[in-house]
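Reader: Could you take me through the side-chain packing in this entry?

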Amino acid sequence: MYHHAIVVDRNANKLDRLSRDVAFISALMAKRTPFIVAELGSEVSPFMLHIYAAVAEQERAMISQRTKEALAAVKARGVRLGNPQILQAQEAAAERRTATAEDFAANVLPIIREIQATGASMRKTATALNARGIPTARGGTWAATQISDILKRDGV
């Protein structure tokens, strides 16, 4: 039987970095999932963990309330929240994604063509790309579907 410990490290050494939900902390304790909060040490009592969890949950609620009030005040002053040019930003992002995909396809297409010239199917082409250590656009492994997508971009 394996036991997994959750350790809240020195960069996030407070209980609220693990969770700001008393029920979550209580569930970990009820399931006897070991965890150590660096700030409190390994000998902290379950009672104190519940107290700290309750304080973290209250702080989360207070932060949420302050944020809502601040946003309402800004809105009441007539400030428009969010990106006023969101449609243009989304269009520009889509254009960048398309350009990146086109560049990737153009770079890998000659290799796909070379492999397919041997009579390889799309599945075997994917296997050959993986064997050569050529990653997909997102750094993963090739499948026939991705080969098909690249070929469709080229109008095949």
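Author: What follows concerns a predicted model, beginning with its aromatic rings.

Reader: How many aromatic pairs are there?

Author: The count comes to 1 aromatic pair. It is formed by phenylalanine 104 and tryptophan 142, whose ring centres are 6.0 Å apart.

Reader: Why is the pair stacked?

Author: The planes of phenylalanine 104 and tryptophan 142 meet at 15 degrees, so the pair is stacked; the cut-off for stacking is under 30 degrees.

Reader: And where in the chain do the two residues lie?

Author: Phenylalanine 104 belongs to helix 4 (residues 86-116), while tryptophan 142 sits in the loop between helix 5 (122-131) and helix 6 (144-153). The pair thus links distant parts of the chain, 38 residues apart.

Reader: Is tryptophan 142 buried or exposed?

Author: Tryptophan 142 counts as buried, at 6% relative accessibility. Phenylalanine 104 has 23% and counts as partly exposed.

Reader: What does threonine 136 contact, its neighbours within four places in sequence aside?

Author: Threonine 136 is in contact with Phe104, Thr141, Trp142 and Gln146. Threonine 136 is located in the loop between helix 5 and helix 6 and is buried, at 9% relative accessibility.

Reader: Which backbone atom does its side chain reach?

Author: The side chain of threonine 136 reaches the backbone nitrogen of glycine 140, at 2.8 Å.

Reader: Turning to the surface, which residues form a nonpolar patch?

Author: The patch consists of Phe47, Met48, Ile51, Tyr52 and Val55, with about 460 Å² of accessible area together. Valine 55 lies in helix 3 (residues 46-76) and is exposed, with a relative accessible area of 53%.

Notes
Residues are numbered from 1 along each chain as its sequence is written. This is a predicted model: local features need pLDDT of at least 70, side-chain atom pairs count only at pLDDT 80 or more; totals for chains, interfaces and linings use all residues. Side-chain values use heavy atoms; hydrogens and water are left out. Rings of Phe, Tyr and Trp (its six-membered ring) pair if their centres lie within 6.5 Å; planes under 30 degrees apart count as stacked, over 60 as edge-to-face and the rest as tilted. Helices (H or I, at least four residues) and strands (E, at least two) are DSSP runs, numbered from the N terminus. Buried means under 20% relative accessible area, exposed over 50%, partly exposed in between (1.4 Å probe, protein chains only). A polar contact is a pair of N or O atoms within 3.5 Å; within protein, one must be able to donate a hydrogen and the other to accept it, and residues adjacent in sequence count only if both atoms are side-chain atoms. Contact means heavy atoms within 4.5 Å. Patches are made of residues with over 30% relative accessible area and no salt bridge: like charges are joined within 9 Å, nonpolar side chains (Val, Leu, Ile, Met, Phe, Trp, Tyr) within 5 Å. Accessible areas come from the Shrake-Rupley method with a 1.4 Å probe; for residues, only the protein chains shown count as cover. A salt bridge is a side-chain nitrogen of Lys or Arg within 4 Å of a carboxyl oxygen of Asp or Glu.
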